[in-house]
Amino acid sequence: MITEVSILPIQSVYSIDNHIITATVLNEEPLIMKFDHVLSDEECQALIESAASRLEESKLVNKEVSQIRTSKGMFFDKNESLFITIIENRISSLMQVPIAHAEGLQVLHYEPGQEYKEHYDFFGPDNPSSHNNRISTLVIYLNDVEEGGETTLPNLGITVKPVKGSAVYFEYFYNNQALNELTLHSGEPVIRGEKWVATQWMRKQRIREGY
């Protein structure tokens, strides 16, 4: 029984600027969805190529390097190119949140053995950013991973295999904090090959410059 309304209207197909995205509901409350065909193969490759020379060691939300997160990553500036603007606008339309609420689009690269251990995307009450907390996440897979690299939500028994152009979506804005805590998730270690993802986090309110 659904007791809280999700941000995203549940559909099997989303048509955004003539771009057809298909969807599968993995869990209804909290809402977890898998999308297919979010990005084309060419768009995935272009994101990888745009990000590759700008990668730095990934940090946690507290700006610290940690063995919890062992990838490399970078953030695009909003509207930094026509290509990025097109991707940002498509993601914003799909997530049903204005682009003004979006953090910069992040690209992450994982080599064999690298992972992101279990964590929440929303900020805890002691984090200064919690006044404008994150409400939803979209993780887009930019390549097929030979082995490993799945996104796992252990509290819900959900595992999503990386498939190029597809994405996993989850939201955690609920008044019932127990629902938000069900979105605990991890990026499993890459076993063979490499893993590229693009991640979009949305905030409750418009993001002011410097926040």
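**View 1. The loop around Pro 30, placed between E2 and strand E3 (31–36).** In this predicted model, the peptide bond that leads from Glu 29 into Pro 30 is cis, with omega near 5 degrees. The loop that holds Pro 30 is followed in this legend by another loop that involves E2, namely the one between strand E1 (13–16) and E2, where Asp 17 is placed. Asp 17 has a phi near 50 degrees, which is a positive value in a residue other than glycine. Asp 17 is also exposed, its relative accessible area being 73%.

**View 2. Helix H1 (residues 41–52) and the elements that cover its buried residues.** Helix H1 contains 12 residues, and the distance from its first C-alpha to its last is 16 Å, close to the 16 Å expected at 1.5 Å a residue. Glu 43, Cys 44, Leu 47, Ile 48 and Ala 51 are the buried residues of H1. Because these residues cover an arc of only 140 degrees around the axis, they lie on the same side of H1. Glu 42 and Glu 49, by contrast, are exposed on the other side of H1. The cover over the buried residues of H1 includes strand E2 (19–28), strand E5 (72–75) and helix H2 (82–95), together with strand E6 (106–110), strand E8 (134–141) and strand E15 (195–203).

**View 3. Helix H2 and the residue that comes just after it, Gln 96.** The 14 residues of H2 should span 20 Å at 1.5 Å a residue, and the end C-alpha atoms of the helix are 20 Å apart, so the two values agree. The buried residues in H2 include the isoleucines Ile 84, Ile 87 and Ile 91, as well as Leu 94 and Met 95. Thr 85, Glu 88, Arg 90 and Ser 92 in H2 are likewise buried. Just after H2, Gln 96 takes a positive phi of about 65 degrees, and Gln 96 is a residue other than glycine. Gln 96 is placed in the loop between H2 and E6, where it is partly exposed, with a relative accessible area of 43%.

**View 4. The largest nonpolar core, with Ile 140 among the residues that touch the most other members.** This core has 36 residues, and those touching the most other members are Phe 35, Leu 138, Ile 140 and Leu 142. At least two residues of the core come from each of E1, E2, E3, H1, H2, E8, E12 and E15. Helix H2 gives the most to this core, with five residues. When residues up to four places away in sequence are not counted, Ile 140 touches Val 38, Leu 39, Ile 91, Gly 165, Ser 166, Ala 167, Trp 196, Val 197 and Ala 198. One of these contacts, Ile 91, is a buried residue of H2. A second, separate core has 17 residues, including Leu 108, Tyr 110, Tyr 141 and Leu 153.

**View 5. An open sheet of four strands in the order E7-E13-E10-E11.** The pairing in this sheet is antiparallel. Strand E7 (116–119) and strand E11 (158–160) are the edge strands, since each pairs on one side only. From one strand to the next, the twist averages 10 degrees. Strand E10 (residues 151–153) and strand E13 (residues 185–187) run antiparallel and are joined by two bridges. Thr 151 stands opposite Gly 187 in E13.

**View 6. Two exposed loop residues, Asn 175 and Pro 128.** Asn 175 is placed in the loop between strand E12 (167–171) and helix H3 (177–181), and Asn 175 is exposed, with a relative accessible area of 76%. Although Asn 175 and Glu 4 are 171 residues apart along the chain, their C-alpha atoms are separated by 8.2 Å. Pro 128 is found in the loop between E7 and E8, and Pro 128 counts as exposed at 69% relative accessibility. Pro 128 and Ile 86 are 42 residues apart in sequence, and their C-alpha atoms are 31 Å apart in space.

Technical notes:
Residues numbered from 1 in each chain as written. Predicted model: local features only at pLDDT ≥ 70, side-chain atom pairs only at ≥ 80, totals over all residues. Heavy atoms only, no water. Pairing = 2+ DSSP bridges. Axes fitted to C-alpha atoms, helices over the stretch in contact; angles between N-to-C directions. Expected span 1.5 Å × (residues − 1). Buried < 20%, exposed > 50% of the residue type's maximum accessible area, 1.4 Å probe, protein only. Arc of directions from axis to C-beta. Contact = heavy atoms within 4.5 Å. Core = buried A, V, L, I, M, F, W, Y, C linked by side-chain atoms within 4.5 Å.
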